[in-house]
Every structure is written in structure tokens, then in C-alpha cells.
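I opened this notebook to record what I looked up in the structure, taking the core, one strand and the aromatic rings in turn.

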Amino acid sequence: MTTNTTTRMTSGWPMLAIGGALSLFALHATGDLAPAAWLYGIALIRFCRTVRAGRAILGVAAVTALDAACWMYQADLAASPVVLLALAFVPPLTAPFVADRLLTRRLPPLAGTLVYPATKVACEFLVASVTPLGTLFGVLGTTQHANLPLLQLASVTGVYGLSFVVAWAAPVANLLLEWGGLRPVAAYSAVLAVVFGAGAMRLAYAPVDGPTVRVAGVTASRDSVARLGDRIRRYDSVSEMLAEDAATMRAAFEPVNADLLAATAREARAGARIVVRPESGALAVDAGAGPLLDRARRVAARYRVYVQVGLTTYVEAAPQVRNQTVLITPTGGTAWTYDKSHPVPVLEPYQAGPGVLPVADTGYGRLSSLVCYDADFPDLARQGGRGGVDIMLISANTWAGIKRLHAENAIFRAVENGYTIVRQASRGQSNIVDRQGHTLALDDYFDADRQTVVASVPVSGVRTVYGTVGDVFAWLAVAVALGLPVFAVAWRRRAGRGRHATEAGSVAVAHW
């Protein structure tokens, strides 16, 4: 094979095809492959650097649009109004490649390799912080949820540190392809060695041990959910349900309410001291919530157990739905009533809660609560890390298309903040994960008639750097992304002055 043929195959449009194909397996969706996240950027950056700028932008934009569409399809959102949000993904996914194309060759080699990862993290952080999307899609680091040594980095930098390390591989590899620069490669290799070495040492020499408590997560059986559906399918709106006789609605909701109550008592008898139920697991119409919770209080008091009730209450006041968790204490009291802070855009058109996580000090550590989509917002979850929470109870309700990625996203909140998560999800995967990211229990609603997770979890969490300082790393990435263009201008001017001085010296020598 000639040199020209090799060059053509490793540049231009073939690289767009290779990068685009690999990117489809780096979406953190149902068919993702963790190595693809390290590789696809190499090909796409190579493409951008070897074609005209306009073509580079259009090509990468087309790939990212396809990525967003494929992610929506795999997440079972293609037929939902939420699919319109896919258009919002394209600019932040495209911007890092555009920045690399425009800036890298105007910078010293090592600084040039930082353009892509810094811009990538800045865009991820911007989307998660100022849009209702959170970290649900587009965060590269989430593809590495099973890489335990690398995962420990999240305790210092948050998930964005993983995104940076993975993304940095692409410009470093391209530097080798272009001219074989070794110093940036050595720098990146050293960073990888420190990150993986420190992660391995944390796993080996700071194990999760100490006193434990038995916890359980329970979901209503699929049969009871089907019977509920048969009874409420005839109502076209919440208003119709509210207009119905209260006794009729209590009877309609009874299959799941009674099933959850029985499951709670069963796990309490088996030794669980904390029982978590899923988001919207229990259902009530307005005043019916009180009697429904009283039934749970009697079980909690009888077996001396904490019970987190995921509760949907239909009320007359707009927007007619409240989505809450209620923690019932072993004495039958109420430790908290928490309203979901981040309703899913479009799909959950009700008022968000105040965004303040509840806390309860117990004999089993400090407890707190998130509801489903809340766990996709690191800043909200960090309230638990900052507040010394030991066990985070997460009630969730998903669907088949996002069941896996949503459970895996929650793993990062555990490592970031040094607490164990007990996450119970109806119509999805339920998981219990310790503060280092080890999965202690996992069950799938669609694989079992009666979904239950049980584990003994540590009653003490740990303080983490991320839980204390928050998104300092992400802000540093933003600063680097904004500062590199300024540095590029200064570098070019300095290089220009040096070139002119060299040329003037050459002329003087020639004249002499």
C-alpha cells in the first residue's frame, strides 16, 4: 500500500464514516460499548482536521444529529414530543470538534491537545447546569460506569473528570498520527497512570466496610399493575378521576397499594430495617392520601422499620398531581415529605419541589431522598454529599428504553458523594450501589413477576472532594475552554515576532 493510499484512508471522509459508526456505540444507550467512547473521537477529529472547515462542521453536525436521533430511538422517545429536544443536543455535541479544528494548530502541541476535552466538558457542564436535560444524555464519562478504577475519579472531579480523561485520548492520538509528538503523549500517559493507579489503590486500601443495615426495595407485582391499568384505563384525564366517587377510586388503586403494603411487611419480617418503594408506587386521590399513609405507618410501627413511600396524589388544585416521597419512621411518624425537584420535561407537567433534599438522622446513618430524574442532576445530589448523608434513598419509575442507563447514571452520584444509593424503580432496573460503585443488588422489573432488591449496606458514608468542593473541575474546564482562544492569539503574535526577528537577523548577516 502506498503512502498516498494510506493517507487517504486515514483522513477525510473515511474517518467521518468510521467515527460516526463508533459514536453510535458511545451514546450510553442500550447498545453502547465502553471502548467506543475512547475511539470515536480519534476518527472524527482526524476528519475535521483534514477537510475544509465548512465541510468539517457540517459533517460532524450530521453525525451528532444522527447520534441524538439514535439515542432517542433506543430510549423509546422517538414517538414522544421530547424528541424535539434532540435538536438541542447538536450544538453542544458539535462544538468540541469545531473548537479543535479552529484552535489546535494555533497552539503549542500540549496546549492544543486540551482544546477538545476542555470544550467537551464545558459543553456537558453547561447543558447539565442550565437546561432541563441534566446528565441524561451527552456526558461521555457515563459510558465508563463499569470501569471501577476510573470511576473513583468521580469522587474528586465528578463525572466530568471521566469525560475529560476519555476525550483527551482523541487529540493525543491525532498528534501521534500527524507528527509523532511525544511530550503530550507522555503527559497524557502520566495522567492516566495516576488516575488508574489512585483508583486501584482506593479500591484496595480503602474498602467499604464497617457496620451494615439490611435494606430492601420493593415494587408492586406486574399482575397488580395490570389490574390497576384495567380499572383506570377508562379515565381520560385527572379531572375525570377527581370527579369520580372517592370509594370507587380507592378500589381502583387498591391492587397496587395493597400489594406494596404486603411486600413492605414481608421484607420487614425478613429483617430489613429500611424499605424503599418506587416513585408513584402508591396512588391516592386528594384526602385519600392520609388513610393510605396510615396503613404504611402501622406496618412501620409494627416491625420497627423505616419505609420510604413513593406517592402520587391527585388533587383539585392545578396542576392536579403531586409526586412525593414520604419517609415513615419506626414509631409511625413522618421524617419528611419531599416533592420531586426535577419533573421530566414535557412528560411530567407538574410543579417542581423547592430543590432542597430532606435529611433524617437515624440509628442507621443519615438518610436522604431523591426521586428518579433528580439523580441526573449532580448539583442537587451533591447536597447529600455536602450534608454528610450516608444512605440515599431513590424512588424511581422508568421504562424499558432507559431502564439501564438511568440505573447506571445513579452510580456516579454514589461515588461522587460518598454515600450508598438504594434505588427502587418500577418499570425499570432497581439497584443498590455502595460509595465506590460496587453493585450490591440489581433486579429488572421486566425479568421478574415481583421485583425486589435486598442488600446489607454500610451505615456510614465518607466525605469526598467532590462532595465538598463541587464542580470546581468543570469550572476549570470552562475557564480553559474560554482561555485557550486568547492564548492562541498571544502565541501566534509571539511566534510572528520571533519569525520576523529571525528573518531580520538573517538579512543583517547576509548584508555583512
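The entries below follow the order in which I looked things up, and I keep in mind throughout that this is a predicted model.

**Entry 1: the nonpolar cores**

I began with the largest nonpolar core, which holds 106 residues, and asked which of them touch the most other members. The answer was Trp71, Ile274 and Leu393. I then looked up where this core draws its largest share from, and found that helix α10 (residues 159-178) supplies 11 residues. A second core, separate from that one, has 39 residues, among them Tyr235, Val238, Phe253 and Val309. I note beside this that, in soluble globular proteins, nonpolar side chains tend to be buried together.

**Entry 2: the surroundings of isoleucine 274**

I next listed what isoleucine 274 is in contact with once its neighbours within four places in sequence are set aside. The list includes Val213, Arg214, Val215 and Ala216, and also Val305, Tyr306, Tyr364, Leu367, Ile391 and Leu393. Two of these names, Tyr306 and Tyr364, come back in Entry 4 as an aromatic pair.

**Entry 3: strand β4 and its partners**

Is strand β4 (residues 306-314) mostly covered or mostly open? I found it mostly covered, with nine of its nine residues buried. When I checked the two faces of β4, I found Tyr306, Gln308, Gly310, Thr312 and Tyr314 buried on one side, and Val307, Val309, Leu311 and Thr313 buried on the other.

I then went through the strands that pair with β4. Strand β2 (residues 274-276) runs parallel to β4 and is joined to it by three bridges, with valine 275 standing opposite valine 307. Strand β3 (residues 282-285) is also parallel to β4, through four bridges, and here valine 285 stands opposite tyrosine 314. Following the chain from β3 through helix α15 (residues 289-303) to β4, I recorded a right-handed β-α-β unit.

Strand β5 (residues 321-328) runs antiparallel to β4, and eight bridges join the two; leucine 311 in β4 stands opposite glutamine 324 in β5. The two strands form a hairpin with six residues between them, and in that turn I noted glutamine 320, which has a positive phi of about 75°.

**Entry 4: aromatic pairs**

How many aromatic pairs does a search of the whole structure find? It finds 15. The pair of tyrosine 306 and tyrosine 364 is edge-to-face, at 6.2 Å centre to centre and with 85° between the planes. Tyrosine 306 lies in strand β4 and tyrosine 364 in the loop between β7 (359-362) and β8 (365-371), so the pair ties together parts that are 58 residues apart in sequence. I looked up the accessibility of each: tyrosine 306 counts as buried because its relative accessibility is 11%, whereas tyrosine 364, at 23%, counts as partly exposed.

I also took down the pair of phenylalanine 487 and tryptophan 491, which is tilted, at 6.3 Å centre to centre and with 55° between the planes. Both lie in helix α19 (residues 472-511), and because they are four residues apart there, about one helical turn separates them. Phenylalanine 487 counts as partly exposed at 36% relative accessibility, and tryptophan 491 counts as partly exposed at 32%.

My last note concerns a cluster, in which ring pairs link Phe164, Trp168, Tyr188 and Phe473.

How values were computed: Residues numbered from 1 in each chain as written. Predicted model: local features only at pLDDT ≥ 70, side-chain atom pairs only at ≥ 80, totals over all residues. Heavy atoms only, no water. Core = buried A, V, L, I, M, F, W, Y, C linked by side-chain atoms within 4.5 Å. Buried < 20%, exposed > 50% of the residue type's maximum accessible area, 1.4 Å probe, protein only. Contact = heavy atoms within 4.5 Å. Pairing = 2+ DSSP bridges. Right-handed = clockwise from strand over helix to strand, strands pointing away. Phe/Tyr/Trp six-rings, centres within 6.5 Å; stacked < 30°, edge-to-face > 60°.
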